[in-house]
Amino acid sequence: MLRRQQNARVLLGEVTDIDLTARTVTSSVLGRTTVHPYDELIVAAGAGQSYFGNDRFAEFAPGMKSIDDALELRGRIFGAFELAELAEDQAEIDRLLTFVVVGAGPTGVEMAGQIAELAHRTLRRDFRRIDPTTARVVLLDAAPAVLPSFGEKLGGRARRQLNQTGVEVQLGAMVTDVDADGIEIKDADGQVRRINAATKIWAAGVQASSLGRILGEQSGAEVDRAGRVSVQSDLTLPGHPEVHVVGDMMSLDKLPGVAQVAIQGARYSAEAIKRRIAGKSPKGPFRYHDKGSMATISRFHAVVDLGAVKFEGFIAWVMWLALHLFYIVGFKSRITTVLHWLVSFLGRGRSQRVATQQQVYGRLALEHLGPDFEASKTGGLTTDAVGEDLTGRQSA
Ligand SMILES: Cc1cc2nc3c(=O)[nH]c(=O)nc-3n(C[C@H](O)[C@H](O)[C@H](O)COP(=O)(O)OP(=O)(O)OC[C@H]3O[C@@H](n4cnc5c(N)ncnc54)[C@H](O)[C@@H]3O)c2cc1C
């Protein structure tokens, strides 16, 4: 993306510290630590999954935040059908063919709809002993509504469409425990029950990057329970006009954690920095232009909320496709996406069916080995280095 922008340098590494007084960012990769000086800083480290204080759930219910998560989930979902084909015991087959998605926001709704389509359409004729169409897909949420941010009417329609697609929606259902074999739930009436399910997917909450807490401690900016940093109306930290925080890790006027907030915040901050360098007066406060929200439920079906206008169905689905295509970067990626969509939507096929053991078990194996494992495999690259600035300016 930045190949042609000669004054931009992209560096691999995980930012482990930001020093607002020294104006440095420290990053680390495979045991090599680098300190980068900056004049202006934009922090956009996003958010990860939140298990609301129950991080042990992550072992059995992966989140949906990274490419690693996506590959692991693909392996777990397709793997469950394969293992069910091998199983002899009906209770075991039922457990393997039960999929529970926790969180009925846009991400959970889309995931549940996709698994139902996979079971009822894509894999329908692919097995000899099991019948994939008997798979049970459960979408759970502690809240009393599906897609609460879309309002009662669209949420209700989404729920009906999910039921038609074969998704069992259970609301007012709070997850109290997760283990390898299933999930324990407390209903609104206080009853505790269990669903035996091999595949659990967590799409319930977000936790902003831990960099937010580092910035909050040094600047005095408030950090909320989800780890988001309260920024001023120009997206900067108090007392630090040179530091902007944008996207999912910033908190301002209850703006939602969606791509448009991140994109518009990033554009605003870049423009503000350019103005400052050019000696122009600062821009006015950041104003978010809400372009609406969309969520797909199944093939040919989506919901669209444009504020004054709300609708659902096929037109909404076409709009969802067109918009996502528009925001995909690069001509080649757009073409391949369209081809994949054609295969998936018009036929029964899915091109991405391969899963490897590394994808399914890699995350847990690395956690088991501990953080020192990576560093021990890098041939001793442990020296501190000060980043050389190829742009000619001190910026990170
Ligand atoms: C499955 C899913 C579906 C979604 N669908 C939609 C949708 O349809 N429409 C919509 O508007 N929004 C959607 N969202 C939300 C949207 O993706 C986010 O709001 C948006 O990406 C936020 O942008 P960001 O730049 O703040 O963070 P991100 O896009 O998350 O980018 C943060 C980046 O920082 C990197 N990073 C994090 N910590 C560090 C560190 N310490 N050091 C170095 N790098 C770090 C991460 O690897 C990542 O690349 C979806 C999110 C998910 C998970």
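The exercises below work through a predicted model, each with a solution in steps.

**Exercise 1. The ligand shell**

Task: Find how many residues surround the ligand, which are the closest, and which class and which helix contribute to the shell.

Solution.
- Step 1. The ligand is surrounded by 17 residues. The closest are Gly46, Gly247, Val258, Ala259 and Ala262.
- Step 2. Sorted by class, the shell holds eight nonpolar, six polar and three charged residues.
- Step 3. At least two shell residues come from strand 1 (14-19), and at least two from helix 6 (259-277).
- Step 4. Helix 6 gives the largest share, with three residues.

**Exercise 2. Two hairpins in a row**

Task: Follow the chain from strand 1 through strand 2 to strand 3, and state how the strands pair and which residues in the turns have positive phi.

Solution.
- Step 1. Strand 1 and strand 2 (residues 24-29) run antiparallel and are joined by five bridges. Within this pair, Asp17 has Thr26 as its bridge partner.
- Step 2. Four residues separate the two strands of this hairpin. In its turn, Arg23 has a positive phi of about 55°.
- Step 3. Strand 2 also pairs with strand 3 (residues 32-37), again antiparallel, over six bridges. Here the bridge partner of Thr26 is Val35.
- Step 4. The hairpin of strand 2 and strand 3 has two residues between the strands, and Leu30 takes a positive phi near 45°.
- Step 5. Putting the pairs together, Thr26 is bridged to Asp17 and to Val35.

**Exercise 3. The parallel sheet and its helices**

Task: Give the strand order of the four-stranded open sheet, name its edge strands, and place helix 3 and helix 4.

Solution.
- Step 1. The order is 8-7-6-12, and the pairing is parallel.
- Step 2. Strand 8 (167-171) and strand 12 (199-202) are the edge strands, each pairing on one side only.
- Step 3. From one strand to the next, the twist averages 20°.
- Step 4. Inside the sheet, strand 6 (residues 98-102) and strand 7 (residues 136-141) pair in parallel over five bridges. Phe99 stands opposite Val137 of strand 7.
- Step 5. Helix 3 (residues 106-122) packs on the sheet and touches strand 6, strand 7, strand 8 and strand 12. The direction of helix 3 makes about 170° with that of strand 7.
- Step 6. Helix 4 (residues 151-165) lies across strand 7 and strand 8, at about 140° to strand 8.

**Exercise 4. Positive phi in two loops**

Task: For Phe52 and Lys254, locate each residue and decide whether it is buried, partly exposed or exposed.

Solution.
- Step 1. Phe52 is not a glycine, but its phi is positive, near 50°. Phe52 sits in the loop between strand 5 (47-49) and helix 1 (67-86).
- Step 2. The cut-offs are 20 or more C-beta neighbours within 10 Å for buried and 12 or fewer for exposed, with partly exposed in between. Phe52 has 14 other C-beta atoms within 10 Å, so Phe52 is partly exposed.
- Step 3. Lys254, also not a glycine, has a positive phi of about 55°. The loop that holds Lys254 runs between strand 17 (250-251) and helix 6.
- Step 4. Lys254 counts as exposed because it has 5 C-beta neighbours inside 10 Å.

**Exercise 5. The antiparallel sheet**

Task: Describe the open sheet of three strands, the burial of strand 18, and the helix that lies across the sheet strands.

Solution.
- Step 1. The strand order is 18-19-20, with antiparallel pairing.
- Step 2. Strand 18 and strand 20 (310-313) are at the edges with a single partner strand each, so one side of each lacks a neighbour in the sheet.
- Step 3. On average, neighbouring strands of this sheet are turned by 10° against each other, direction ignored.
- Step 4. Strand 18 (residues 293-298) is largely enclosed by the rest of the structure, because five of its six residues are buried.
- Step 5. Five bridges link strand 18 to strand 19 (residues 301-305), and Thr296 stands opposite Ala302. Two residues lie between the strands of this hairpin, where Phe300 takes a positive phi near 70°.
- Step 6. Helix 7 (residues 314-327) lies across strand 18, strand 19 and strand 20 and runs at about 80° to strand 19.

Definitions and conventions
Residues numbered from 1 in each chain as written. Predicted model: local features only at pLDDT ≥ 70, side-chain atom pairs only at ≥ 80, totals over all residues. Near = placed C-beta within 6 Å. Nonpolar A, V, L, I, M, F, W, Y, C, P; charged D, E, K, R; others polar. Pairing = 2+ DSSP bridges. Axes fitted to C-alpha atoms, helices over the stretch in contact; angles between N-to-C directions. Contact = placed C-beta atoms within 7 Å.
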